[in-house]
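Please open the structure in your viewer and keep the selection panel at hand. The tour below proposes one selection after another and states what is found at each stop.

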Amino acid sequence: MTVSAVSPGPTETELFRANNPRGSDGEARYLTSVPMGRYGKPEEIAAAIAFLLSDEAAFITGQTLHVDGDASIGKALA
């Protein structure tokens, strides 16, 4: 048995957009925290989860996979 986690950054979902419309202060605040300058897509988060569930990741355990457009690293360097 393996145990790992996916830590997503701001992801462009319907709920996210309902709370952070295009051009809003919320959108600008989130975008400044993501060095890649864009939001994640739900399918990008799903792909990371699918990888960790696959046989190719069978020897990976106890890890957190940050799928966040470098936001976690950007905060560490600030």
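**The whole chain**

Begin by selecting the charged side chains: the chain has 6 positive and 10 negative ones, and the centres of these two sets lie 8 Å apart. Please bear in mind that this is a predicted model.

Next, display the chain as a cartoon. Four helices and two strands appear in the chain, and their order along the sequence is β-α-α-α-β-α. If only the C-alpha trace is shown, its extent along the principal axes is about 45 × 30 × 15 Å.

Now switch to a surface view. The accessible surface of the chain amounts to about 5,500 Å², and carbon and sulfur atoms contribute 60% of it. Of the 78 residues in the chain, 23% are buried. Among the contacts with a separation of 6 or more, 65% join residues that are 24 or more positions apart.

**Helix H3**

Select residues 42-53, which form helix H3. How far apart are the end C-alpha atoms of H3? They are 17 Å apart; at 1.5 Å a residue, the twelve residues should span 16 Å, so the two values agree.

Within H3, highlight Ile 45, Ala 48 and Leu 52, which are buried. These three cover an arc of only 60 degrees around the axis, and therefore they lie on the same side of H3. Turn the view to the face directed away from this buried side, where the exposed residues Glu 43 and Leu 53 are carried.

What covers the buried residues of H3? Select strand S1 (5-8) and strand S2 (64-67), which are included in that cover.

**The loop before H3**

Move to the loop between H2 and H3, and select Gly 40. Is Gly 40 buried or exposed? Its relative accessibility is 15%, so Gly 40 counts as buried; the cut-off for this class is under 20%. Leaving aside neighbours within four places in sequence, the residues in contact with Gly 40 are Pro 10, Thr 11 and Glu 12. Add Pro 8 to the selection: 32 residues separate Gly 40 and Pro 8 along the chain, and their C-alpha atoms are separated by 8.0 Å.

Then select Lys 41, which lies in the loop between helix H2 (25-32) and H3. Lys 41 is partly exposed, at a relative accessible area of 41%. From Lys 41 to Ala 5 the C-alpha distance is 18 Å, with their positions 36 residues apart in sequence.

**The loop between H1 and H2**

Select Asn 20, located in the loop between helix H1 (14-19) and H2. Asn 20 has a relative accessibility of 7%, and it therefore counts as buried. Which residues does Asn 20 touch, not counting those up to four places away in sequence? They are Gly 26, Glu 27, Arg 29 and Tyr 30.

**Strand S2 and the loop after it**

Proceed to His 66, whose place is in strand S2. This residue is partly exposed, with 43% relative accessible area. His 66 touches Ser 7 and Ser 72 when residues up to four places away in sequence are not counted. For a longer view, select Ala 28 together with His 66: the two are 38 residues apart along the chain, and 21 Å separates their C-alpha atoms.

The last stop is Asp 70, in the loop between S2 and helix H4 (71-77). Asp 70 is partly exposed, its relative accessible area being 36%. Inspect the backbone here: phi of Asp 70 is near 80 degrees, which is a positive value in a residue other than glycine.

Definitions and conventions
Residues numbered from 1 in each chain as written. Predicted model: local features only at pLDDT ≥ 70, side-chain atom pairs only at ≥ 80, totals over all residues. Heavy atoms only, no water. Expected span 1.5 Å × (residues − 1). Buried < 20%, exposed > 50% of the residue type's maximum accessible area, 1.4 Å probe, protein only. Arc of directions from axis to C-beta. Contact = heavy atoms within 4.5 Å. Areas by Shrake-Rupley, 256 points an atom, 1.4 Å probe, with all protein chains shown as cover. Lys, Arg positive; Asp, Glu negative; His and termini not counted. Charge placed at Lys NZ, Arg CZ, Asp CG, Glu CD.
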